[in-house]
Structures are given as C-alpha cells and as structure tokens.
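User: Please take a close look at one part of this predicted model and describe how that part is set into its surroundings. I would like the cut-offs stated where a term depends on them.

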2 protein chains.
Amino acid sequence: MKIVINRDQLMKSIQDVMKAISPKTTIPILSGMKIEATEDEVTLTGSDSDVTIESIIPKEEDGIIHIHDINPGKIVVQAKFLPDIIKKLPDETVEIESDGDLNILIRSGQAEFKLNGQDPEEYPQLPMLETENSFHMPIDLLKTLIRQTNFAVSTSETRPILTGVHFKLENGELELVATDSHRLASRRVSMEEDVIQLEFKNTVIPGKSLSELNKILDESQESIQISVADNQILFRTKHLFFLSRLLDSNYPETSRLIPDQSKTEVHVNAKELMQTIDRASLLAKDNRNNIVKLVTQEQNTVEISSNSPEIGTAEEMLKTNDISGEELKISFNAKYMIDALRAIDAEEVKISFTGAMRPFIIQPTDDSEHILQLITPVRTY
Amino acid sequence: MKIVINRDQLMKSIQDVMKAISPKTTIPILSGMKIEATEDEVTLTGSDSDVTIESIIPKEEDGIIHIHDINPGKIVVQAKFLPDIIKKLPDETVEIESDGDLNILIRSGQAEFKLNGQDPEEYPQLPMLETENSFHMPIDLLKTLIRQTNFAVSTSETRPILTGVHFKLENGELELVATDSHRLASRRVSMEEDVIQLEFKNTVIPGKSLSELNKILDESQESIQISVADNQILFRTKHLFFLSRLLDSNYPETSRLIPDQSKTEVHVNAKELMQTIDRASLLAKDNRNNIVKLVTQEQNTVEISSNSPEIGTAEEMLKTNDISGEELKISFNAKYMIDALRAIDAEEVKISFTGAMRPFIIQPTDDSEHILQLITPVRTY
C-alpha cells in the first residue's frame, strides 16, 4: 500500500477514529488503526469492540484533491503515536507506505518514521448490518437530542440498562429517554412522513457511545442515516460509519413516573434560576448531595438557600414570573436542576410540583409537549 | 469591619492571594484568608508558611474608586469557597461585613452568604524584613529571568538545595543559576549603577515560589523591589507583597561544570532544531529518558534520530548554518534540549560540544555572554 495524502484531512479522520480506540484494550490488534486504500478512497477504522468508527477520505471531493497518489492495500498501524506524528509532520502532504513484511514508512519533508505494523487480515471484520429499520434526520437535530437527554443516564453499573438512552420510534414519533432513577430526561420529535411504518421499542444505546458520536459530528444541516438491528445501531454520514452495540435488557417503563397533575406551578426565567441555584449551591458542594432548598414566598418570589453547618449558609430571593397553587418547601440536588435547565435551553420554564416528596417536572413554558425533565426531591423536612 | 468593594478588583486580589493558600495546610488558620480594612485600603493575606502573599486594594487609584465604603477591622474567612462565591455574585459591588462573634456576611444584589470566620488575632504575623539589601528591576525582566532558569531546578528532594534558583549579586551583576545535576540554566544581567555596593552570594529561592510569583506578576515595565535577608526574600510592587523563605544550605559551585573550550560547534536555526527534535522524540517518549541521537554529516547537515525497539524509528536530516570541528555522535534527553531552546528564545543558537561524553552548552549566536544552557549527554554508544 502507498498513499500520498493531505495532512490536515488525514489528521481530522485520525482524530475521529481515535475516539473508538482504547489504550486499555485486551485485544492487541484493536490498539491499532486499520488503514485501507482502494483506487478511490482511504478508509481508517478504529474499534474497542463496543464502538467501531470508520472514516472515509475520498481521493477527490468538490474539486479538492485530498489524495495525490494511491497504491491500493491495507495495514494496521499502532494508534498510540499516530496522531502526534501526523500533527507534527513538517510538510502539508504525508506519504504512508507499507511492505509485505508489515513495515510502515511515514514520510513528510525531511522527516521519516519507520513503524512496525500489524497484519490487517487479523483485524476483526465489521459486522454487516442487515436491516431495513433505517431513517434519516438532520445532524443538528440528532446532536440536540443527545445533548438534551444523554446527561441523565446512570453512571453506575448497578442497573446497566440505565447507562443507556432509550430510543423509541412509534407512529412517526421518535422519543429519547434517559434516567438514573433520581432524575429523568425525555425528548420527543415528530419524524418525516416516510418513517410512519417503522417501529422499534427496546433500542437502548450506551450513553458513552452517544457522547463519542456527539463529539465527532460537526454541527450541520446535513442528514445522518440511522439503522437499527437487533443488537447494534449504525449512524452513517457521507464520510463516517459509527457502529455501536446496544444494551441487551428491557428498558423500564418510565411513563408512569411522570405526574399528570400538579399542586404548585412556578413560571420563572431559566437563566436567573440557574444562576441563583448555582450560587446557593456553592456551599452545598461539600455535602454528598449538593442540596438546595426552594421555598415559595409572597409576591411571586421564591427563596433559594443552602446550609453547610461547618461553613455557613447562602440564601437568595428570586422574583418569578408567576406562582400558582399551594405553598411549597422542597429540597433537591442543585446539579440536577442546573443540568435540566441547561438541557431545556428556553427563556422561561414552568416547574410543576406535586408536593414536597413527589417528583417534579420542568418544561419550557412555550412548549410542554416535546421536552420534559423530571427530578426527584430529597427529604430534608 | 465592613467594606463595600468593586467585585472585579476584589476577585483579582483574591486570585493572587489564593496562590499562597494550600488546602492541605496543617495549620487550620492558614486555610483562611485574612481581610484587613483600614481607612484607606483593604489588604488580603494568604500564606502557607513558605510563601506569604499580600494584595493591597487602595480605596481610590488614578481617579477610579475601588472601595465605596470602609469601616475598619479585620477577619479571617475560609478561603476554599471564597473565589467561587465572589466570582458568581450577581452585582458589580460586594458588601463584606464581620461582627464581634466572627460571623461574616457577604452580600451582592439579592444574594447573601453567611460564613463562619476565624479570629484574625490568631493569624500569624508577617515577619518584618529588616534589611538594606534592596534593589529594583523592571517586572518584565524579572519574569524573563525566572522563565529562563526556573525550569531547570530539580523536582527531586534528594538534594533539596537544587530545588531552588541561586541568586548571586556581585560587582553590579545579577546571576541566576538552576540545575538538577543533569542540566543547568544560567542567566546574567548587569544591574543599575546604584547596586554596585550590594552583594549577596548564597541566596537560593525555592523554584515553586518563583513559579507562583511569575504567575501573579503581569507583564509590565513597572519596577519591582527585591529585598534579601538571611532566610527570606521579599518582592514588592505597588500593590503586592510576596515573601518567600530561602533554602538554607550552600549552593554548589557550578562555574567549574561549564567547559571553556569545544571540539565541535554547530550553528543552527533554533526553531527548526526544536521542531526536528520534537518530532524525532515522539517515539522516544515511552523510554524513561526520552533520548534522541544527533550525528554530524557532510554539507553542514545533522541527522536527528530516535529508536524505540517495539514501535519503530524516527529520523530526519536537518540543514544547519555551520558545523566546525570534529565529527560527532551524541545522545541526549530531547526534553532538556527543547526546554533549553525555548528558554534561549533566539533565532540562531550555537551549540558547543566537547565530545560525546562531556556536557555541551547552548547559547544564542549573537549573545554568548548572558545566557547559557548546559546539558549532560546520555551514554548510548
């Protein structure tokens, strides 16, 4: 194999593919990156067996030449040093050559690296995903959906299924739900007409996979194809394959957790609430639960406070836009509230409480249909 | 005590003073920051007993009012949460008030923090530095001197004296030397006329103190006063006191380590050499010593290479401006060379070798008097 390739283009692909390569892998060949050149393109592959990423560099695209010379072939190169080597090369093109003895030569300007390669025939085959369960959405939208839900997955392996985000497609509507059993984030979106006939219900994607996918995808109006099979999901753009395993047990029924009525409702500026809670929680960070109290007051005001016996207390009065229903004293994890407000990203939110010991929900005031954040309070009174 | 003070101004002083406060202190009162208000100014003090920093905020300066109200007094406040609290306050002024029971109230806009204070009478007194050994230099110059030498101090406590930088003032010339016994950095500078009568020879400042001082001082043409006493040194600007203990044993005689003749001399572009060594050393980073080889070649060229048996080899030919003297093969720690070239910060350097096993020196070609970096090679041939 021999390729003469634009350095910046190669660098970007390497950085994407590196996200799937784990230095801690127990399968030696997976510590490497596969480089495969055909007549028309170069494909880089990395995998940690949970996630596999392929990045494709076409020889030419939109009149721009990325690859100046290709002699087809393939090789597996140690991934550990590759990004640093390519990044620091002196010239704007790089020559990569491998011989029958798995020797790799990387050359750019006067710099020459000779690396020991591994046998590409030993690299695991990407599973072919046989499925008709495919649909499309804009990359931007997928990134938003991930951002609005993925933070709420569980980081504990006690219930492994909760470390994933539940994808449900039904009646042309896609719903994502994540919960760590203390809070829940859900987002729904209506899909294009052509997915009405598609349906999948128990698709749970590891939160870690979605984080990596979100990092790789640039904000873009372009479309991404999503294909779901029994135990895998494939995200596919023009130059990227991102394949993740799915979690394989049943996701709990979450809809019954969401209260359908409320006793106290607060309308408040989201940014002001976020900043007030952020301040009040400063002294609470030493506590394990990072707890702040919210108490409704006269004249549409709430008092937000926290208390850390050894250090002191913080309190602040916050003017809301409206408070209706019963008086309320409630305590909750400040971080959960800040995460939820950040995910909602609306100017005004509506918080619906059903008493001090029941979960409460936060939604944008002007759209209560599509995004919902739920937080379970903490008993302190 | 009560002060109403500009938040940004207070924040900057807190950040400076925090650099002396260690969360790991075994003296409880030193986990706090002392705030002392007089009629004209507010002084913040932090100390870890090795370094003490005082930052002074005048009531008014250049027509700008920093403090809107002062009621003199003093208090010690827990330092841990203070920067976060002040940074996140909603208003541009902050009110800080303490009562006779050591309660502290911090108020800004609607936000109110009540903190438990500590007794300022228990805070250790700053030692009065009685000395006539004082001189001045521009802050810029002091920062440069620190940058050019301090990186070479030892990080090991095997010989504690080598963890400091040796300051020597004699015949109106100030010399700084640092060495970890594998490499040495030295910088000399002629002082103003009025320090001819001053002399100090065994002043060794902890490298850690100089790092912190360098972080606090902004680039500026303004003057800094340096006062040396038996076991302490004080750096003083208009609004800052920075007091550090000195290391208390004899600094080794280093001048005899520096070879006074050379067998091979290489003149080379510093940036090109740095980049070439940086690349060649990429594969050497797995080795404990990060070793690269330099071999002189025909036509004013040197070959820079490294070799890591399991990974591969890197090599690069670098055109120099001139090579004179004997042929040479030498190996050295790449990081030491990169640190030295970065400290010298000249377009062209002269490297003077005295054989493969003797220390070599690096100096700017156009000024070999004032800055010198020495590196001990590694035996590989």
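Analyst: Strand 14 of chain B (residues 173-179) is largely enclosed by the rest of the structure, because five of its seven residues are buried; buried here means under 20% relative accessible area, with exposed being over 50% and partly exposed in between, for a 1.4 Å probe and protein chains only. Strands are DSSP runs of E with at least two residues and helices are runs of H or I with at least four residues, both numbered from the N terminus. The model is predicted, so that local features need pLDDT of at least 70 and side-chain atom pairs count only at pLDDT 80 or more, whereas totals for chains, interfaces and linings use all residues. Residues are numbered from 1 along each chain as its sequence is written, chains are lettered from A and ligands numbered from 1 in the order in which they are written, and side-chain values use heavy atoms, with hydrogens and water left out.

On one side, strand 13 of chain B (residues 164-170) runs antiparallel to strand 14 of chain B and is joined to it by five bridges, where two strands count as paired if DSSP finds at least two bridges between them. Glu170(B) stands opposite Glu173(B) of strand 14, and the two strands form a hairpin with two residues between them, in whose turn Asn171(B) has a positive phi of about 50 degrees.

Strand 15 of chain B (residues 183-190) also pairs with strand 14 of chain B in the antiparallel sense, over seven bridges, and here the bridge partner of Glu173(B) is Ser190(B). These two strands form a hairpin with three residues between them, and Ser181(B) in the turn has a positive phi of about 80 degrees.

Strand 14 thus belongs to an open sheet of nine strands in chain B, with the order 16-13-14-15-28-27-26-20-24 and antiparallel pairing. Strand 16 (200-206) and strand 24 (322-325) of chain B stand at the edges with a single partner strand each, so one side of each is left without a neighbour in the sheet. Further along, strand 15 of chain B pairs with strand 28 of chain B (residues 371-375) over five bridges, again in the antiparallel sense.

Helix 3 of chain B (residues 139-149) lies across strand 13, strand 14, strand 15 and strand 28 of chain B, running at about 160 degrees to strand 15 of chain B; contact means heavy atoms within 4.5 Å, and axes are lines fitted to C-alpha atoms, for helices over the stretch in contact, with angles from 0 to 180 degrees between N-to-C directions.
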